[in-house]
There are 2 protein chains.
Amino acid sequence: MNGNLHVTRIRPMGKAATSLTVTGGRITAYGEPAPAGFESIDGRNAVLIPGLVEAHTHLDKTLLGMGWYRNEVGPRLIDKIENERAEKKRLRIDPARQSARQAILSVSKGTTAIRSHVDVDTEAGVAGVEGVLRTSEIYRDIVDIEIVAFPQSGMLIRPGTVELMEEALRLGAHVVGGLDPSAIDRDPKGHLDVVFGLAERFGVPVDIHLHEPAELGAFSMELIIERTRALGMQGEVTISHAFCLGMADQDYVANLIDALAEAKVHILTTAPAGRPAPPVKRLMEAGVVIAAGSDGVRDTWGPYGNADMLERAVLVGLRNNFRRDDEVALALETCTTGGARLMGLKDYGLAPGCKADFVLLDGETLAEAIVSRAPRQLVVKGGNVVARDGHTCSKAP
Amino acid sequence: MNGNLHVTRIRPMGKAATSLTVTGGRITAYGEPAPAGFESIDGRNAVLIPGLVEAHTHLDKTLLGMGWYRNEVGPRLIDKIENERAEKKRLRIDPARQSARQAILSVSKGTTAIRSHVDVDTEAGVAGVEGVLRTSEIYRDIVDIEIVAFPQSGMLIRPGTVELMEEALRLGAHVVGGLDPSAIDRDPKGHLDVVFGLAERFGVPVDIHLHEPAELGAFSMELIIERTRALGMQGEVTISHAFCLGMADQDYVANLIDALAEAKVHILTTAPAGRPAPPVKRLMEAGVVIAAGSDGVRDTWGPYGNADMLERAVLVGLRNNFRRDDEVALALETCTTGGARLMGLKDYGLAPGCKADFVLLDGETLAEAIVSRAPRQLVVKGGNVVARDGHTCSKAP
């Protein structure tokens with residue numbers, strides 16, 4: 001674990017084969033012979049991509065390894081929120097243990113950076129944030145974990161939550177979260193003033209869950225953009241889900257996209273098959289940063305999710321009707337550079353000088369490597385091998 | 001290969017563990033000891049489900065094993081159709097070889113019956129049907145293949161195609177296909193009169209690709225239902241894709257669903273993430289048979305698809321926002337009993353007396369077995385093992 005490495009026979013983004021030198025945890029050269037004393041690995045003609053970025057998940061509440069959870073939850077959003085608060089106590093979901101399990105699963109699939117929303121509420125307090133902070137410390141050498149303090153149960157409608165959000169940020173949460181200012185908190189101005197107020201006081205970015213549909217969501221989006229501009233927070237605000245960008249009124253959508261681009265507000269999508277969703281290509285063309293995430297992985301909300309960001313790229317492709325090879329590459333971008341820009345990761349990428357966070361994929365071309373989703377041949381974080389052939393070098397608790 | 005088998009420690013649909021006896025290719029008992037001379041297999045506590053049914057694919061034109069196809073095709077439906085006709089010649093896509101490759105891939109993933117649409121057009125003639133018929137003969141012991149004569153390039157707009165459709169049916173195609181009566185063939189009455197005329201003359205079922213959107217597709221659907229009733233073909237007509245059932249006008253959709261149920265017209269969906277799609281649960285509740293398919297697997301139309309009907313069940317679940325365990329089981333039904341009913345498979349299922357076509361899946365519960373999509377532990381067709389641990393016993397050409 002010294003961050004020195006030489007990998008032969010790799011094809012960056014599917015292009016011509018070369019070798020790669022990593023020195024002190026950074027990519028230092030292509031096509032050079034192995035420096036003396038460096039471990040050398042045969043890349044077996046694999047496609048080289050930068051580390052996958054999981055830009056939206058909920059590490060604290062996955063049920064991985066806890067036995068199958070039989071889901072009999074009601075259909076409304078509030079049913080899921082209330083069921084989860086109750087089940088957390090009943091099942092004793094340990095945020096430290098569970099976040100470690102999912103983080104390690106992510107690493108096995110090539111993810112090198114994760115943004116996790118972590119619940120803050122008046123029942124569990126900030127225990128989730130404390131647990132995931134512990135995981136982020138323990139596993140800091142294999143994956144970067146960024147924590148969003150997330151008021152899952154609402155903020156203004158549950159007195160005491162704002163104080164807990166402050167506590168979470170004092171403890172070290174990196175981002176302030178928010179949730180459906182109208183649909184859940186019933187006070188869009190009040191909710192957003194608190195969220196942006198916390199961002200200003202603590203000097204942290206913002207990432208707001210916005211499930212609100214169509215024109216209602218669009219109104220919230222406008223309020224978020226106004227505050228981003230007023231506070232000079234361009235580039236530091238993300239709207240997650242943003243279903244409203246999939247609404248029918250295309251003129252309104254076009255205006256929103258222009259405003260997002262101008263205010264440098266980022267969009268996060270899970271590429272939901274069953275909901276209106278942000279149009280990935282149009283957002284990219286407008287210059288809006290768009291990234292992807294798994295959302296919940298096997299939790300009380302639903303049984304799906306496996307933390308595989310190549311599978312997420314396929315879902316982004318299917319959702320956006322991407323068929324051409326250049327479009328499949330765009331789908332991957334939401335799971336690599338898009339996520340890195342959203343999280344503000346420094347020195348991310350494959351250029352010399354970048355941090356040596358990368359993945360080797362089986363496939364004749366980049367597109368084939370993405371759609372076939374074979375077990376990852378090699379995952380490297382900071383110049384050290386952290387997973388091989390689909391298995392991590394770390395053991396899950 | 002005598003169709004006699006005894007499998008211990010299996011859990012039918014995830015229920016209590018038992019053993020299963022297969023005699024002469026049929027399920028004959030549960031919970032009985034192994035008859036003398038029967039091969040006995042340890043089911044390792046797997047979930048037992050009936051054979052998966054791939055109810056809509058295009059075996060003749062997959063590019064599996066032919067090297068990566070770089071997709072640079074234009075965005076319109078007609079671009080894809082014309083590109084494909086040209087590429088078929090250029091790439092020399094051999095329908096017999098390619099259908100064998102995909103069929104074997106399907107078997108490795110637990111599919112025991114396939115309905116394949118096969119192109120019939122004035123350039124390739126009926127070569128596709130001949131090729132897939134050959135595959136269906138060669139691999140008849142490992143998978144049932146049903147062939148739909150499919151006028152992919154249009155029928156009335158390309159003179160000579162109707163005669164080729166007749167030839168395909170004389171050769172042994174099992175079903176007569178159709179395609180977008182208005183959007184492609186520009187003559188809904190003319191197109192459907194020919195399709196149903198062929199069905200009547202040859203005594204075969206009908207399966208029509210209907211991509212037409214919203215009210216246009218709904219009109220075609222009405223015309224299909226009228227002809228189904230007039231010819232007494234209840235139970236023998238399928239509408240594939242049926243995007244119009246995902247249209248906004250919910251009253252119109254409700255009327256269509258009632259009419260489909262009354263005329264016993266079946267619906268096939270791929271659960272497309274990027275298009276309006278038939279609502280699976282509502283159709284089931286109305287008594288309409290609804291099945292699922294992969295559509296094209298790695299062809300000139302698009303790079304996706306892996307012939308995995310458990311993955312298709314997950315996509316059906318995601319598209320329909322199925323989260324509860326009972327809903328995930330419904331998603332699987334579209335890939336098992338739904339497909340069997342659509343294809344009219346006889347003696348399908350897990351009851352004693354049924355044909356011994358079944359799959360063993362890893363998983364604590366049925367829902368976990370579906371969403372985790374682990375390599376199939378065992379695939380049995382007609383009482384004989386045809387795949388183990390994700391690998392078929394047959395070799396692809």
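## Salt bridges across the interface

Four salt bridges are found by the rule across the interface of chain A and chain B, in what is a predicted model. One place to look is the pair Arg373(A) and Glu311(B), a salt bridge whose closest N and O atoms are 2.8 Å apart.

Polar contacts can be counted too: between chain A and chain B there are 22 residue pairs of this kind, with both residues at pLDDT 80 or more.

## Who supplies the chain A side

Let's turn to the elements involved. Three helices of chain A, namely H9 (309-319), H10 (325-334) and H12 (366-372), each supply at least two residues of the side that touches chain B. Which of them gives the most to that side? The answer is H9(A), with six residues.

Sorted by class, the side of chain A that touches chain B holds 14 nonpolar, 12 charged and eight polar residues.

## Contacts and buried area

How many residues are in contact here? There are 34 residues of chain A in contact with 34 residues of chain B. Together the two chains bury about 3,100 Å² between them, and 53% of that area lies on carbon and sulfur atoms.

If you would like a few residues to pick out in the viewer, try Trp68(A), Tyr304(A) and Arg323(A): they supply 25% of the area that chain A buries against chain B, more than any other three residues.

## The eight-strand sheet of chain A

Away from the interface figures, chain A has an open sheet of eight strands with mixed pairing. Its order is S3-S2-S1-S4-S13-S14-S15-S16. Strand S3 (26-30) and strand S16 (391-392) stand at the edges with a single partner strand each, so each has one side without a neighbour in the sheet.

Within this order, S13 and S14 of chain A follow one another. Do these strands, S13 (residues 358-361) and S14 (residues 378-381), run parallel or antiparallel? They run antiparallel and are joined by three bridges. Val359(A) has Val379(A) of S14(A) standing opposite.

## A parallel pair: S5 and S6

In general, strands of a sheet pair through backbone hydrogen bonds, in either a parallel or an antiparallel way. The parallel sense appears in chain A between S5(A) and strand S6 (residues 111-119), which pair over four bridges. One of the partners is easy to find: Thr57(A) has Ser116(A) in S6(A) as its bridge partner.

Is strand S5 (residues 52-57) of chain A mostly covered or mostly exposed? S5(A) is mostly covered, with six of its six residues buried.

Notes: Residues are numbered from 1 along each chain as its sequence is written. Chains are lettered from A and ligands numbered from 1 in the order in which they are written. This is a predicted model: local features need pLDDT of at least 70, side-chain atom pairs count only at pLDDT 80 or more; totals for chains, interfaces and linings use all residues. Side-chain values use heavy atoms; hydrogens and water are left out. Buried means under 20% relative accessible area, exposed over 50%, partly exposed in between (1.4 Å probe, protein chains only). Two strands pair if DSSP finds at least two bridges between them. Contact means heavy atoms within 4.5 Å. Buried area is the accessible area (1.4 Å probe) that two parts lose on being put together, summed over both. A salt bridge is a side-chain nitrogen of Lys or Arg within 4 Å of a carboxyl oxygen of Asp or Glu. A polar contact is a pair of N or O atoms within 3.5 Å; within protein, one must be able to donate a hydrogen and the other to accept it, and residues adjacent in sequence count only if both atoms are side-chain atoms. Ala, Val, Leu, Ile, Met, Phe, Trp, Tyr, Cys and Pro count as nonpolar, Asp, Glu, Lys and Arg as charged, and the others, Gly among them, as polar.
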